[in-house]
Each structure stands twice: as C-alpha cells, then as structure tokens.
Amino acid sequence: MQIFGKEQYTVKLFEEEGFLWKTCKRCGHNFWTLDMDRDICGETVCEGGYKFLGKKVAGGWDFHESIERWCDFFERNGHLRVKEYPIVSRWRDDMDFTIASIADFQPWVLNGTIDPPGNPLVVPQPCLRFGGEFSDIDNIGKTGRHLTCFIMGGQHAFNSKRLITGYWMDRCIELNFKFLTEDMQIPKEEIIYMPSVWVGGGNFGPSLESFSRGNEIVNSVFTQYEILPDGSYREMDMTVIDVGWGLERIAWFTQGTPTIYEATFGPVLEWMIEEAGVEVDGDLLSRYSVLAGLLNVDEVRNISEVRKDVAVNLGMTYEVLEERLGPIEAIYAIADHTRALVSAVADGAIPSNVGGGYNLRTILRRAVSLNETFNLNIDLLELMHKQIEYFSKTYPRLKKASSIIAELFEVEKNSYRGTMGKGRKYVKRLLEKKEKVTEDMLYEMYRSRGITPEMVKEIAELEGKGEAVSIPGDFYARATITEPVAATKIEEEEKEVEDLAPKVKGLPSTQPLYYEERYRWKLKAKILKIINDKYVVLDKTIFYPIGGGQLYDTGLINGREVEEVFKVGKIVFHQLSDVSGLKEGDVVEGEIDWKRRIALMRHHTGTHILNGAAKLVLGEHIWQVGADKTPKKARLDVSHFKRPTPEEIEKIERLANEAVMKNLKVTISEMERNKAEEQHGFVIYQGGAVPGKILRIVDIEDWDVEACGGVHLSQTGEAGLIKISKVERISDGVVRFEFYAGEPAIEYIQEREKLLEETAQTLRVPIDQVIATSERFFNEWKQRGKDVEKLREKIANIYLEKIEAEAEEVDGIKTYVNLEQDIGKDEMIMICSRLGGKKNFLLVLLGIENGNIILVGTSPPELEKGLRKVMNEASRMVGGGAGGKKGLIIGGGTRKDKVNEALEFLREKVKGILIKNSTEKN
C-alpha cells in the first residue's frame, strides 16, 4: 500500500458526503472538496488572498468567546477539557517555551511513562514561537495572520493496546466538519481539505489541513509512524491524534476583520490606535489585507520583494505602501510582542541575554524600537497592564505579571537606552566609512551590540543616508540566537555504568533506608558483592548516593572509610578506602558521618526555605535555576532581572528565619506525575525537569513545594539559623545567594564578630563606635588625598616653569628630555598632560618610583608616531614597554642600571626626530 496515496486520506465523512478528490490547477496539490466546479485548492496563495474578510459569520466571536465555544463543542462531544499548561515549559529540559499543545504531553505521555489526563481531551494552550524552525517575528503585522504568542486549540486522542478510549481519522474529521459547519456556520461547499504529511521528532504521519475562503483554520495531524535508524519506518506503539486549531484564526474568521490582530486584541488594539493618533486608511487596509496572505517569509526569501508586487497590484509604489501601512503594522507587532512578554513573565520567564530570555528581550526591544521609529508615543507599560487585564478574563494566571512588570520594564528600558546610546555612535561612525550597510553588518550589530535593524535604518535616515540600509524581510528568522540556558545545577559525577552494571547482574536491588530512616546513622548489613577491590554492595544501606541535587554520604564500614557512594540502576555502590579482610556474605557495621549528613540536610532544606522567601519578597517570577549544597555552605541561583537591594536581602533572610522558627512540617511523599501537577502545579519543577512516573515531592507546609531528591529535614526548625553571606548577579537574569545553615551559620557569624572585634581593637574604640570612627577616618583620608593632589599641582607648576625655562628650541619646537628624580609618576603625567595641549612642545621625563623606571612623554601630533616608537625602544632597554592614549605616552621597566643609557638614547633619537621633521617641512 502506498502510505501517502489518496486512500490514506479517504475518511468515512468524505464518502458519506460525496467529497471529490481533485488536483489544483495552480500548485498541483490534491485536495478534497464538495464544490464540483472548484479547480483550485484552499491555500491562500492559490485562492488569491483572503476571501472571508468583511463577512461576519456565526454572529462573530471575540477572542474569549472563540475559546469557550470551541472548548464547549468538544466537551459536548466526549472530550475532557484540560487546564492549559504554562507557556514556559518547566516540565521539559529540551525547550524554553511551549510551542504546541502536544508539547504538554511530551515526553511522558507519548513515551508511555504516564497516562494522559483524559482520552480524548482538548486544551486551549498558550504558545510562544520565536526562534529557529518556528520563527514568525518577521511576519508579525505584515501578513495579517502571524502571531508570536497564540492559543493553539489542542485536540488529542491517544491510541495503544492499553489506551483504548481514543479515536482515529474518521472520528477526528467528523468532529472537524461538524464544528466548522454547525458551530462556525461555514457552508460545507466552502470547506477544503488539503492532504499533507507532518514530520517531526523522528515521527511522521498524514495530515489534513482545513481551509475556507483562503484561511487555514486547523491542521489535523495523525502521528502514526516512527523512522528507524536505517531510514525505514514502522507503525508506532502509540498513535496520536494531534490536531492544532488556531483559536485566534477562528475569532478572525467569524468576525471577518481586516487582520487577525483586530479579532485577537479587540479593545486593547482600539486603545493603541487612539493613543498613537494613527489614522487608519480603512479602504487601503481592506484591499491590502485580501492579498496579505501572499506574504510569508517561510515561503519567500525576502518579504519586501513580494510586498513590492502587492503594491503594484494596489496601484501604488512600494514606498507609498510602506509609508501608509507602516504605522498600523507597527502597532500590530507591538500588540503581539507585549502580549508575548506578559504571558511569559506571568509564568516566571524574564528577559536576559541567554536562552528564551534572549528572545523575550529581543521582542521587547523591537516593540520599543517600533514605537519610537514610527513616533507612536504609546505608553508600553500601560499597554502591558491593559493586555493583562483583557487576556486574564480567560487566562487569570496573567495577573501574576502585574506586580513586577513595571520594575522589569524600567530595568530593561534603561538597559536598552544604554545600548542604543552606544549604538548610535557606532552606527554613525560606520556610515562615515561605508557607503552601504550589508546584511552581515546588520546581523553583527544585532548579535554583538543589541542594535536592532530598525534603529540602524532610523539613524541612517537622520544622517541623510537612508538608502545605505535595507532590512531583509526575514531578518529576525535568520538572526535568531538561542544560547544554552544559564543554569548552575550541581553536576553529578558520571560513573562507568557499562563496566559496573554487568558485574552486579542478578543481584537484588539495594534496600534504601536513607529516605524512610533518614535520622538513622548506624546499621548492620550483609555484603552481597565486592567489585574491583574497592566497591562494596550491601543488601541495604543508610548511605545516601549522589543524586537529587545532593552529595553522597561518607563514614565508615567496619572501620574502613567510605569515600564515595553512587547508584547504578537500583544497586548502591560504596567505594571504600580498603576492602582487605572483607568478604562476600559478611555482616558489617556501617556508620555515616552524621555531622556531614545533618549539615547537608540543613543546607538542602534551607535551599527550599530560602527559595520560598525570595519568591515572597522578589515576586512570583522567581525560579530556581541552580543550587549547590556542601557541608560547609550552600548557594541558590534564582531567575531575577537585577541584584536585590540590601533591604530586599535583609527581608529575605528575615522571612527565611521566620519559617525556621515556625518549625513548619516538611512532608515528603511519592506521587504520580499527573496528580502532583494537578495538586501543586508546575512549581514542583523548581529545580528543573524530573523524569519518571513517580515524583518525590518535598512539601514545606504553606511555604514551598518541589519535586526533589536528597535527604531533607522533618521540620524547618531543625535547619537552625540561616545566614546569607553573599548576593551577586552572576549573569544576566540570574542572581546567586550564598548562605549558611545551622552550625556553619553560627561559625560564620562568630568569624564576622571576631573581625569586628579586631577592627575595634585596631581603631582603639569600642565596637559600637567602629562605624563612626571608620567614617571619620575615611573622611580624613579623602581630605588628605585632596591635600596631596593640591601639593602635586604645586610641584607640577614649579617643574613646569623650570621645564619651559630650560627647554631647547629646534625649528620652532621646544624640547626637554631629562631624568627627574624628585617627582613621581603622577606628577610626571600631570606635567605632560598640561603641555600636551601645546603644539610646539616635545617633552620626555624619566623618573624612578618604587624601584621602577618611569617614562612619560608628549609631543605635537605630527611627531607622536616617531616619539612613541622611540619611547617603546627605550622602555625595552630598561626591561619593559610603552603604551598610553593619544597625546600621552607612558612606559618604563625594572632595570634601574639602564636608566642613564636610556636617557642618552632618548636624547639622541629625539634630536633625530626633530631634524627629520625640519627637513620635511623645508
């Protein structure tokens, strides 16, 4: 059977309704239709643009009504409505954002680890696509249909030997047709089904794209086959109905608005247009929108070239089209970008220079750039609050962004201003040197300097060189940078599993007692096997193996040191310092280093306590991106857009210790993944994605809950004191807290107190006067510095008079080259700096300071190159080199014995410079 033939796409509905299988006369693709006279497929290009605009159907549904009507239809038809997943894909470690509804169930449902929450099910899933294969940013505002942030209506059914309540193609297209014709009230003759093939992630299957009047409303994918290493394929153990409805497209189609943006943003867009004072040319926009579907950088190299053809069809030049539509298209893009930002921020993502944060920063800066380029004067902060207010009617989680969006936006805006300030200078210099700014130059400025192409174009136009810059239509698709996420997770040492695993084959699993009996520090156990004369496998153990973000336990087994503990599969290996005298079958006594264990438990649980406190103080966007716990101290890395203030740090520490003093219960339980997500939400993935069907949940009552391994305390009170020792911004968007818990915290405070006492003794004042005395000493030191500076100026003035009086004049240039043993480097620099402004003075001073030779010189501009070369040679003579900025040359070395030789060399060479200059002038 030909797997992609007509029969693969012949569903029961097509036979019952009498659909015809035709071939498009324009593109050659096959399609199904009920219209006997139709000879073109439903693709927008073949259709000649959008044909549904200006025609309201089903009464017209807004954004919210479209979602509710779609969900209601499928609930009425036996589907479970699943609550949407976050737009930040916390449950996965292979992507930053949720790019499709099926991503909600990858990999755990699709690989059979867990069952789906319902079968079949639907989920109105917010998605964010920006970067790589799914970059739409260049299309935003121009095609009329593209969105960076959008709602995918996921319609899914799962089929396997065990999952038998799902369905396949017949039922899927039956429901599809019913919704389109009955709920959306589209005449059935106007529905076209386009057969296609979907491929991704090593799987593929047939798909049917549903079109009407030039608009693709839904794509029904039937994931059925997996590709094998040899290139062949076989049917998957689990086949999946993976249907992605464009819910904004449904709203757009039913309303018949000029673009998808009016249908999606509704009153928010109306406010933006009024705020910007933009006069929308309704007639032009309507005529253009019909053809806008022809624009797509996925299919054409340069969107600008296609827009030129559209302009001709509209009877105007490309420049006029850009001028008249530019402002409204900029407003569309700004609406999309700000919605994407608040959606991501609400789920804990923040702009930064790495990973998904880089993409968020890009769209925010692009929004700011478009706002300024077109002089729209839209208050972007107010806009983002309006986005939150409008879209939270269906997605209440967006309200989480309200508390931090203002501060975050201010930080990002200031950062952008700094980048652009430097960028303007750079672009101006570039335009002075280059007649044309190439695409490569635009990419370099964008990637390394953060300068958007729109900004380059604006600067060029201000400089009267607008023709020097042409922005590629697919610029952002090609310029996307996705760097590795800045994470600082503990790296667990990898073992040679392939070597050790065969040697324990057949052994029973080690009984782990370190969780259920975590306060036990001694046990007796039987040796099951000794491997490689250093590894001991016991029938049970209290020694915790490395993993779950925690170090292994150490201690003794029959008096031998336990150096390391790790797991291979379900077998725990104890690496001993010496195994002599031990044999398999022996019953041995194990004793863990309890002081080390309890310190690790305190620091591990303390990390959860501190994370909860940081979230309370800094905001819901706080997520753990890394952690490290040792017996001595611990660190916690969290996502945050700036370094916390001293007041915020103090409050975080105080709240953490209040949680300790409340002696909150720490409940540890094993839960199925679905139930854990349903009960606690995706906050359980604070430490990153966790594999497996069963998750170990550590729940500090009313404080923090995470899926986490490691050995934890039973009550927060056991953590003792928590003391933050250091807070720093280790990278863009990541703040590190270093802290101590328990005894190490007490030791740290005692050390600080000791330092304070020693400082008080040194200053010879009581401890309570250390600050006042230090301030007095500092002020006196500053005043002394000012006095020293005044003295240096007086010394410099005295020497200036002496130098000017003793300088020789050669052909109008005064020259002074001498060794001055009574002044230092600062005074020499001061003297040369003052004379450097005189075009008729060449000066070289030598001095000795702290046992080193110092050379400082200056000259008229035309002699500086020669003097710099001579001073560099002289500096090498004394064991060093020379450098310095324009107008001031500084050099020297360490060989005092060569100072007189260097002086004579300089005097001779300077005379040569002057003679050469005089000869060239005459």
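Which residues of α21 are buried? In this predicted model, they are V770, T773, A796, Y799, L800 and I803. The legends below start with that helix and then move on to other close-ups.

**View 1. Helix α21 and its cover.** Helix α21 spans residues 770–806, which makes 37 residues in total. From its first C-alpha to its last it reaches 53 Å, close to the 54 Å expected at 1.5 Å a residue. Look around its buried residues and you will find covering elements that include the helices α20 (743–763) and α22 (825–835), along with the strands β27 (813–819) and β28 (841–849).

**View 2. The open sheet β21-β22-β23.** Here 3 strands line up in the order β21-β22-β23, with antiparallel pairing, to form an open sheet. Because β21 (666–672) and β23 (704–707) stand at the edges with a single partner strand each, one side of each has no neighbour in the sheet. On average, neighbouring strands of this sheet are turned by 20° against each other, direction ignored. Follow strand β22 (residues 694–700) to see how it meets β23: the two pair in the antiparallel sense over 4 bridges. One bridge to pick out joins I700 to its partner D704 in β23.

**View 3. Two helices against the sheet.** Helix α17 packs on the sheet and touches β21, β22 and β23, its direction making about 125° with that of β23. Helix α19 (residues 673–680) also lies across β21, β22 and β23, and it runs at about 130° to β21.

**View 4. T607 in helix α17.** Zoom in on α17 (residues 594–618) and you will meet T607. Is T607 buried or exposed? Its relative accessibility is 1%, so T607 counts as buried. Leaving aside neighbours within four places in sequence, T607 is in contact with Q624, A627, K629, A634, L636 and F739.

**View 5. The largest nonpolar core.** This core has 157 residues, and those with the most contacts inside it are Y193, W245, M272 and M445. Helix α9 (residues 318–346) gives the most to this core, contributing 15 residues. A good place to rest your eye is M272, which touches I331, I334, A335, I378 and L383, not counting residues up to four places away in sequence.

**View 6. Another core, set apart.** Apart from the largest nonpolar core lies another one, of 67 residues. Among its members are F573, V617, V698 and I722. Two of these names link back to earlier views: V617 falls within the residue range of α17 (594–618), and V698 within that of β22 (694–700).

How values were computed: Residues are numbered from 1 along each chain as its sequence is written. This is a predicted model: local features need pLDDT of at least 70, side-chain atom pairs count only at pLDDT 80 or more; totals for chains, interfaces and linings use all residues. Side-chain values use heavy atoms; hydrogens and water are left out. The expected span of a helix is 1.5 Å times one less than its number of residues. Buried means under 20% relative accessible area, exposed over 50%, partly exposed in between (1.4 Å probe, protein chains only). Contact means heavy atoms within 4.5 Å. Two strands pair if DSSP finds at least two bridges between them. Axes are lines fitted to C-alpha atoms, for helices over the stretch in contact, and angles run from 0 to 180 degrees between N-to-C directions. A nonpolar core is a set of buried Ala, Val, Leu, Ile, Met, Phe, Trp, Tyr and Cys residues joined through side-chain atoms within 4.5 Å.
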